[in-house]
Amino acid sequence: VVVGAGPAGSIAALVLARGGASVALVDKANFPRDKACGDLIGPRGVRLLDDLGVALPGALRVDDMAVIGPTGRRVRLPCDAGLTYPGYAYALPRAQLDATLRQAAVAAGAEPITARATDPLGGDGGALGGFALSTGAEVAADVVIGADGATSRVAEAAGLIDPARVLWGFALRWYGADPVDVPQILLWDTSPGRGFPGYGWLFPGVEGRSNVGLGVGVLADRTAGAEAGRCSDAFFAHLHRVGLTGSDRPPASGRLGGWLKMGMVGTRPAEGRVLLVGDAAGLVNPLQGEGISEAMGSARAAAEAVLAGPDQAAARYRSFLRRTYAPYQATTASLHRAMLGRPRAVSAVGRVLTAPGVGRALAGAWSIYWNDLLDGAAPGSARRLAAVAAAAGRVATSAGPTRRWFDEALAAAS
Ligand SMILES: Cc1cc2nc3c(=O)[nH]c(=O)nc-3n(C[C@H](O)[C@H](O)[C@H](O)COP(=O)(O)OP(=O)(O)OC[C@H]3O[C@@H](n4cnc5c(N)ncnc54)[C@H](O)[C@@H]3O)c2cc1C
């Protein structure tokens, strides 16, 4: 059973069904359903969908990204093709993306069930063996894949969360009418020299609509998520001041909020016959909030691990995560934790990175590292510089508690 039919759940169900497994895809929502998101699918996600032969009708191609620093200075981050990913991303509203992926899973043979997974069913030796549903039905299963998002019921029911360690974020999204040709990221100061602990964005959307939002990191304190709402009027005034929007007020339509669980830390991703994928596993980039590519990449790997044999699936999947996502996530989760609560440092980093000369010199490497595109990046000076930054980050964060958590949670025999 796969709980959750977002990008993670639908890709897991699709790969399982194509591999011959009998799979139920359970989601509490009726599709198409909206989801708070910037609606950008990064280059690795584009490549994965291509590999799986899933087309996204109506998706808009976007490539470079502009970062606007606290002083209003801009840097253009190139979106260069790598050896294992293309030089572009897609923009597509989540209502459309998620419905398309779910339909692809159903077409591959997954059985869709519209219901909320409520209470866990006991399996062999007291392990999680399925879920009772809000409809009164029960789904018993050999393997449970938790793809039910940041506030995962599966992770909670399987006892895989250490709440004090989780890095939470909260973000608000609107749909506006200010067209932009490249995605814009705004690092801004709430008062002079004090950086906002997150960032704002204005992304291109389909049919001339823009996607605009503001996200804040709150460490383990979810009550602080309200900061995104409290700062939104000031953020829209800033957007207007830097010339990106016609009005200094939030758009009237499409306001929706959502949680981000970042940097993997605090959620053990697989034990016994329970595997967590996507946001349920905290697989969101702690530097910029991307999670769709990671959701689909982890889901494919989890499904392949299950198809290779359920008994060893958790160990196989942990080993994949150790190799593929943990090196970046462990470093950047530590950096994220170190920066939050230091608004002067946040502001200073934003100013330095967008300072004349500095931004342009670093743009290629910045784009690679920030977007977790080092593995598979094309050879050249940008890649070399990004590799130096990654190595420096690893060394700087090697002794911290976050790194120790990764070593324990992803150990081969945990
Ligand atoms: C405002 C915002 C902006 C973002 N922008 C971007 C972006 O531009 N690009 C990007 O890559 N990432 C972005 N992210 C992150 C991205 O949205 C997530 O990483 C992504 O949605 C993860 O997919 P998922 O399938 O793991 O979870 P989800 O998309 O959250 O899907 C989980 C599914 O599980 C279902 N569910 C939950 N609980 C239950 C239950 N008990 N029973 C049954 N079903 C259940 C839900 O209905 C939902 O359909 C953003 C996040 C936010 C909040």
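Okay, before anything else, a definition: two strands pair if DSSP finds at least two bridges between them. Keep that in your head, and keep in mind too that what you see here is a predicted model.

So, the sheet I'd like to begin with. Three strands make up an open sheet, in the order S3-S7-S4, and the pairing is antiparallel. Which strands stand at the edges? Those are strand S3 (40-41) and strand S4 (60-62); each has a single partner strand, so one side of each is left without a neighbour in the sheet. Let's look at one of the pairings. S4 and strand S7, residues 89-91, run antiparallel and are joined by three bridges. If you want a spot to click on, find Arg 61, which stands opposite Tyr 90 in S7. And as a bit of background, strands of a sheet pair through backbone hydrogen bonds, either parallel or antiparallel.

For the parallel kind, go to the start of the chain. Strand S1, residues 2-3, pairs with S2 in the parallel sense, over two bridges. Here Val 2 is the residue that stands opposite Leu 25 in S2. Now look along S2 itself: Ala 24 and Val 26 point one way, Leu 25 and Asp 27 point the other way, and all of them are buried.

Next stop, the loop after S2. Pro 32 sits in the loop between S2 and S3, and the peptide bond leading into it from Phe 31 is cis, with omega near 0 degrees. In that loop between S2 and S3 you also find Asp 39. Its phi is positive, about 70 degrees, although Asp 39 is not a glycine. Why mention these two? Most residues other than glycine have a negative phi, and most peptide bonds are trans. Is Asp 39 buried or exposed? Its relative accessibility is 3%, and the cut-off for buried is under 20%, so Asp 39 counts as buried.

There's another positive phi further along. Asp 372, in the loop between helix H11 (358-370) and helix H12 (381-396), has a phi near 50 degrees. Asp 372 counts as buried too, at 14% relative accessibility.

Now the ligand. There are 36 residues around it, and the ones that come nearest are Asp 27, Gly 38, Leu 40, Arg 94 and Asp 279. You've already met Asp 27, at the S2 stop. What about the classes in this shell? It has 17 nonpolar residues, eight polar ones and eleven charged ones.

Let's zoom in on some backbone atoms. A backbone N or O atom of Pro 7 is 3.2 Å from an oxygen atom of the ligand. For Asp 39, our positive-phi residue, a backbone N or O atom lies 3.3 Å from a ligand oxygen. And a polar backbone atom of Ile 292 is 2.9 Å from an oxygen atom of the ligand. How much of the ligand does the protein bury? Taken alone, the ligand exposes 1,000 Å², and the protein buries 93% of that. Several elements give two or more residues to the shell: helix H1 (7-18), strand S2 (24-27), strand S19 (253-262) and helix H7 (292-307).

Let me show you a residue that touches this region from another part of the chain. Asn 211 is in strand S18, residues 210-219, and Asn 211 is buried, with a relative accessible area of 1%. Where does its side chain go? The side chain of Asn 211 reaches the backbone oxygen of Cys 37 at 2.8 Å, and also the backbone oxygen of Gly 38 at 3.4 Å. Among the residues Asn 211 touches are Asp 39, Arg 173, Trp 201 and Phe 203.

Just before S18, in the loop between strand S17 (198-204) and S18, there's Arg 209. Arg 209 is partly exposed, at 35%. The C-alpha atoms of Arg 209 and Ala 177 are separated by 5.0 Å, with the two residues 32 apart along the chain. Its contacts include Pro 93 and Tyr 175.

Last one: Ala 281, in the loop between strand S21 (274-276) and H7. Ala 281 counts as buried, at 1% relative accessibility. How far apart are the C-alpha atoms of Ala 281 and Ala 147? They are separated by 8.3 Å, although the residues are 134 apart along the chain. Ala 281 also touches residues including Lys 261, Met 264 and Leu 276. That's my tour, thanks!

Technical notes: Residues numbered from 1 in each chain as written. Predicted model: local features only at pLDDT ≥ 70, side-chain atom pairs only at ≥ 80, totals over all residues. Heavy atoms only, no water. Near = heavy atom within 4 Å. Polar contact = N/O pair within 3.5 Å; in protein donor to acceptor, adjacent residues only side chain to side chain. Areas by Shrake-Rupley, 256 points an atom, 1.4 Å probe, with all protein chains shown as cover. Helix = DSSP H or I, 4+ residues; strand = E, 2+ residues; numbered from the N terminus. Nonpolar A, V, L, I, M, F, W, Y, C, P; charged D, E, K, R; others polar. Buried < 20%, exposed > 50% of the residue type's maximum accessible area, 1.4 Å probe, protein only. Contact = heavy atoms within 4.5 Å. Lists of a residue's contacts leave out its neighbours within four places in sequence.
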